Amino acid sequence: KKNKDKGQVNDVQDDGEDALEKSRDELHTMWELAAAMHCLRTFRGGLGMSQLTLDDLHTAFLECNTVFKILHLKLLLPVEEKRKANELSEGDEWLELLRKYLRDSLSGALPPIVNEETGEEGPVEDPVWAEIFEDDPMPEGIDQYYAMSLRDRALILWLLVDRLWLLTEEERDILLPNVDWDNADALRMEPACFDKQQNAYWYFEGTDGVLFRESPAKHKGKHTEIPHFEAVSRNFEELLDVSKDLMKEGKKTKNEDLRQFAQWLHDEEAPKIQAKKEAKERAKSRQQLLELLPRKRSTRIVDKEEQKKQDEIDAEKRRLDQIAKKEAEERRKKEREREQRLKERESLESKARKEEEKAKAAMEAERERRLAKRRRQAIKDQQMAMGINPDSPGRPSVEPSRKSARKELAGLWYAVGKPVEVYYDDDWWKAEVVKMREMEGGDVGLLI
């Protein structure tokens with residue numbers, strides 16, 4: 001019976017682990033958390049936050065632990081009160097502030113109704129929650145937060161993080177004085193590259209081998225399908241395999257951006273992630289060994305060992321910070337190089353279009369020249385058929401045509417050798433009178 005009860009307990013634990021793993025899988029399909037991760041690392045200095053990894057963020061998100069509460073308080077409190085985040089994280093102050101923020105007016109309008117019994121303000125016409133939800137997510141109280149889906153919680157976190165881009169100038173000077181806000185759009189992430197199916201690939205700092213892929217939006221009639229966002233790798237082993245496949249595809253499709261990005265993941269990023277993981281495992285092993293050492297040791301030795309351990313941790317953090325800065329600079333450099341290649345490609349395409357247009361114009365001019373030549377030859381053939389030598393001097397080089405012209409004005413006389421203009425074959429021709437004779441009615445017959 002004891003063995004049976006023990007088996008039931010193990011089954012419950014396995015079910016709990018499976019549910020947790022499924023939740024983590026779901027978090028890896030949320031672009032909101034990936035975007036929030038990038039912004040938190042970009043503005044971590046101003047927020048006073050440590051360097052969270054994506055795994056740290058997912059753990060905090062699922063457990064609603066102290067880190068998660070402090071993160072929300074840092075995002076919700078005014079600039080001058082953000083230092084209070086740690087002491088306020090003990091209770092539910094973060095949820096009270098979150099509910100109040102979501103129910104506040106976007107335009108600053110006052111609530112129309114105040115409940116006299118509870119003293120609570122009524123709903124406003126343009127609440128903040130309307131930006132991401134159709135209905136108030138917490139109309140009755142803060143406890144409703146825990147009943148929300150993971151997707152809804154991720155949307156709320158993304159909304160709070162995206163608010164950092166809307167700080168006032170005074171708040172920016174206090175919170176983030178070292179950011180060049182005139183070029184703040186450069187801080188926003190762009191896809192690293194695209195494959196032949198136009199899938200976008202995203203790689204963020206601190207994700208430890210997590211590579212995201214986003215499918216293009218598909219249009220079906222009047223409806224547009226939401227792009228699919230997923231993690232194609234979740235550790236450095238999977239990152240190595242995926243980067244190899246992407247390198248092959250880049251070479252096969254002659255996609256240089258894709259090939260170079262995959263090469264960087266394989267040769268530089270994956271080894272760094274592996275080295276960082278091994279360093280953490282060594283630090284963990286040292287900690288376990290310290291715990292197994294005999295307790296009867298002097299306080300001075302223990303303090304010295306703890307200080308040494310802390311120094312090693314601090315040194316490792318500084319090293320990782322330097323690596324992160326170097327990686328960010330390399331990514332910016334590669335982005336600039338990619339933009340330069342795009343400009344050069346556009347310039348070459350523009351030059352090719354101009355040359356093509358020039359060639360077409362030359363071909364059209366040549367065609368017109370040949371048509372004119374054939375037209376002149378046809379006229380000469382007609383002249384020869386009428387017994388006129390078109391090459392003899394003093395003779396017209398155009399088709400002879402008999403025309404009559406009435407002498408309507410005094411002094412208007414026609415004579416042999418006099419130049420005239422005639423309308424023939426849908427065009428005006430310059431001609432010369434070669435023969436003339438008087439006709440009935442005062443007209444003059446001309447051979448031109």
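This report covers helix packing, strand pairing and a few backbone details.

The model is predicted, so local features need pLDDT of at least 70 and side-chain atom pairs count only at pLDDT 80 or more, while totals for chains, interfaces and linings use all residues. Residues are numbered from 1 along each chain as its sequence is written, and side-chain values use heavy atoms, with hydrogens and water left out. Helices (H or I, at least four residues) and strands (E, at least two) are DSSP runs numbered from the N terminus.

## Helix α5 and its partners

Two packed helices are described by the angle between their axes and the distance between the axes. Axes here are lines fitted to C-alpha atoms, for helices over the stretch in contact, and angles run from 0 to 180 degrees between N-to-C directions.

Helix α5 (residues 66–76) meets helix α8 (residues 150–162) with axes that come within 9 Å and cross at roughly 40°. That makes α5 oblique to α8. Angles under 35 degrees count as roughly parallel, over 145 as roughly antiparallel, 65 to 115 as roughly perpendicular, and the rest as oblique. The crossing of α5 with α8 is left-handed: the near helix is turned anticlockwise from the far one by less than a right angle. From α5, the contact (heavy atoms within 4.5 Å) uses Leu-71, His-72, Leu-75 and Leu-76. From α8 come Leu-157, Leu-160 and Val-161. By class, this contact has six nonpolar residues, one polar and no charged. Ala, Val, Leu, Ile, Met, Phe, Trp, Tyr, Cys and Pro count as nonpolar, Asp, Glu, Lys and Arg as charged, and the others, Gly among them, as polar.

Helix α5 also packs on helix α7 (residues 93–103), at about 40° and with axes 9 Å apart. That makes α5 oblique to α7. This crossing, too, is left-handed. Phe-68, Lys-69, His-72, Leu-73 and Leu-76 of α5 face Glu-93, Trp-94, Leu-97, Leu-98 and Tyr-101 of α7. The contact of α5 with α7 has seven nonpolar, one polar and two charged residues.

Buried means under 20% relative accessible area, exposed over 50%, and partly exposed in between (1.4 Å probe, protein chains only). In α7 the buried residues are Trp-94, Leu-95, Leu-98, Arg-99, Tyr-101, Leu-102 and Arg-103. Their cover includes α5 and α8.

## Strands

An open antiparallel sheet of four strands runs in the order β1-β2-β3-β6. Its edge strands, each paired on one side only, are β1 (193–194) and β6 (229–234). Strands pair if DSSP finds at least two bridges between them. Helix α10 (residues 236–253) lies across β2, β3 and β6, at about 110° to β6.

Two antiparallel pairs are set out below.

| Strand pair | Bridges | Opposed residues |
|---|---|---|
| β2 (residues 200–202) and β3 (residues 210–214) | three bridges | Tyr-201 and Arg-213 |
| β8 (residues 419–424) and β9 (residues 427–432) | six bridges | Tyr-423 and Trp-428 |

Strands β8 and β9 form a hairpin, with two residues between them. In the turn, Asp-425 has a positive phi of about 55°.

## Positive phi in loops

Gln-198 lies in the loop between β1 and β2. Its phi is near 65°, a positive value in a residue other than glycine. Lys-254 lies in the loop between α10 and α11 (256–292). Phi of Lys-254 is near 60°, again positive in a residue other than glycine. Lys-254 counts as exposed because its relative accessibility is 78%.
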